[in-house]
Amino acid sequence: IDNTALIATDGTAYTGISDQTSFNFTTMGLPYLTSSSPPDNTTGMSVATESLKLTFNEAISSNTGNIKVIETLSGETFESFDVTGSKITGWGTSVITLAFSKNFSASSNYHVLIDSTAIKNSGSAFYGGISDQTTLNFTTSDEGIVTLIASNPIDDAQDVSVNNRKLILTFSHNLVVGSGLIKLFSKADEKLIYSADVNSDDVLVKNATVTVTWPDWLRPNTEYYINIDATTFTNSDEQKFAGIKNQTTLNFRTSSRISSPWDDPDIAGMVEAQTELVDRRLYESIRPILDRLEWFRAHRKERHRSVHKVKVDIVQPEWQLLNDNPAIDALSLIENEFFDVIRGNIEVESTESLGDWAMWTAGDIVVGKVGQQRHSSFKHFHSEGMTLGFDKKLDSSRLIGLALRGANNNTEIGVQGTHIDSVDYGIAFYKTWTFSDKYFIDFILGGNQFNLKTHREIGFGNPILGERKAYQGYQSLSIHKEFKTNFRTLFLTPYSRVDVGYTNLRPFEETGGNAAISFKEQHIRHARANLGLHLDYLFTNGNADIRPYSRVEYSLDMSNSSVVSASYVIAPETLFHSKIHNLRASNWKYGLGLDIKFLTGSIGASYERIEESEDRNDHQVSRKSDNIRFKLIFQF
């Protein structure tokens, strides 16, 4: 200040200021924007971008006004932020954050506007604001956010089947799998029921579709909801699926009804396999005793000796597709089993027996198939058995004895892993006698006990298991008459046989999950009448006796259908019933064979054709089989 510039009223002059320190001050600059995230002119910005960060050159505070994000093309406000509201944080620092409440649209341009009164610094200098479309703008990706657009079951579904173990999710984009879980909760108690890792075998991801397979059934009349981790899926542009974290986005209720277990062909096949097993075992128990009695009659004039026998049967019932093929074609079509039936016998005679008592043994192996039927899966079975017998020769025409038997069986059902394993034991009394030299009567009375184990697969490593016992009693009565024709070495033997029995399959309950079934007691009544004609011719060639033979037999099955009743363990009040008709399979058997006996043994071979007929059940598949047997006998 010049020293002449100012004087007092009394005329005194102000000396002025001529230096830089007596009176000085510093001005503050205006606040300005230094950067942003996302930056200006960003392209390909994620539509799921959650916030916008603005960085200034100094600490700032709010005043009054708004910060707006505008969709450039339409001019519509995407979101407006009051600077005094809670959606902006960071006041008092140089960085403020605006939190978006929704997702952006794909392939869209946006710009930011800021009122000139909205932001100031500590000296109350105002930020000039943004009023154009170019200072801060960005463009979103064309991928868009990943969203769930459909599901099965749909949201709020009210009648979902309890055995629907699949959850199908359809998304807006093809997916890239991340990590995390898809979870199923019970709504009533918010309990986690199942969880599936998106990288496990339980989850299949194909393009935009995700299929989740739960390891077990759901419970009836129950509300469920789905949660999905936010890290599970992205699209090819790394846009994340936000996940589901509530009870309402995807929820459903299961039906109070449960579908019949008989709709599952593996369950129907498993029940049929048990019935077929006990029916088959009845005749497998009778057969070695009948063979023993036939051997006794053929050698009744000789000294009573012990016999040890091994049989191998491979039984191959034909499939429906073979119905119109002749036997030789059928064998070709089933060549993977080598032959439909191969039966080998090894009989060993001891030089002496203890008094009039003898011991004999017989072993058998049976392998076969039953083709798929309308309501049940195909079945492969394999069984092995051994019979040990003790008998006493009363005279040249009478024999009494006791036979003990043990056997095991494995039946594979369908392709899902369902199978049955069983071990059974039996005992039988038998007798043969004549009322003339030409009439022979065979009588057998016996019983078997079965221990069965069932195994069903419904999910990954989640088997349904069960154990069941069964008890069987049976009786067989046959009459044979031997005729000699005008040719002294030609023999004609008609015969008839009636086999009856009863099997009680005890009730049992499966374990292992909601799909477990409680089976009620099952009663099976067996009845079969057999009529046959055996023709053989004996001639001698050197040291060998050669005996060609043929046989025809008709079996009329008179068994009643067996009723099966069952309920699911989780819904015992609903009982389901079914009938098993597979016992009704009358058949014709045609056989040709040749036995050659040497001084120390014999060999033989036979072919037998079995054709089922007079089936009384339209749902049962007609079956035929071609049987080939080989026999080798050594005498010691």
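Two strands count as paired if DSSP finds at least two bridges between them. In this predicted model, strand S28 and strand S29 clear that bar, with 15 bridges joining them. S28 covers residues 398–413, S29 takes in residues 418–434, and the two run antiparallel. One pair of partners in this ladder is glycine 406 and tyrosine 425, the latter sitting in S29. The turn linking S28 and S29 makes a hairpin with 4 residues between the strands. Glycine 414 belongs to this hairpin and takes a positive phi near 65 degrees.

S28 also has a partner in strand S27, which spans residues 379–395. Here the count is 16 bridges, and the strands again run antiparallel. Across this pairing, aspartate 391 faces glycine 401, a residue of S28. S27 and S28 make up a hairpin as well, this one with 2 residues between the strands.

Further along the chain comes an open sheet. How many strands form it, and in what order? There are 4, arranged as S34-S35-S39-S40, and their pairing is antiparallel. The edges are held by S34, at residues 508–509, and S40, at residues 571–580, each of which pairs on one side only. At the S34 edge, the neighbour is S35, made of residues 517–519. Just 2 bridges connect S34 and S35, in the antiparallel sense, which is still enough for a pair because the cut-off is at least two bridges. Within this short ladder, glutamate 509 stands across from serine 518 of S35.

Technical notes:
Residues numbered from 1 in each chain as written. Predicted model: local features only at pLDDT ≥ 70, side-chain atom pairs only at ≥ 80, totals over all residues. Heavy atoms only, no water.
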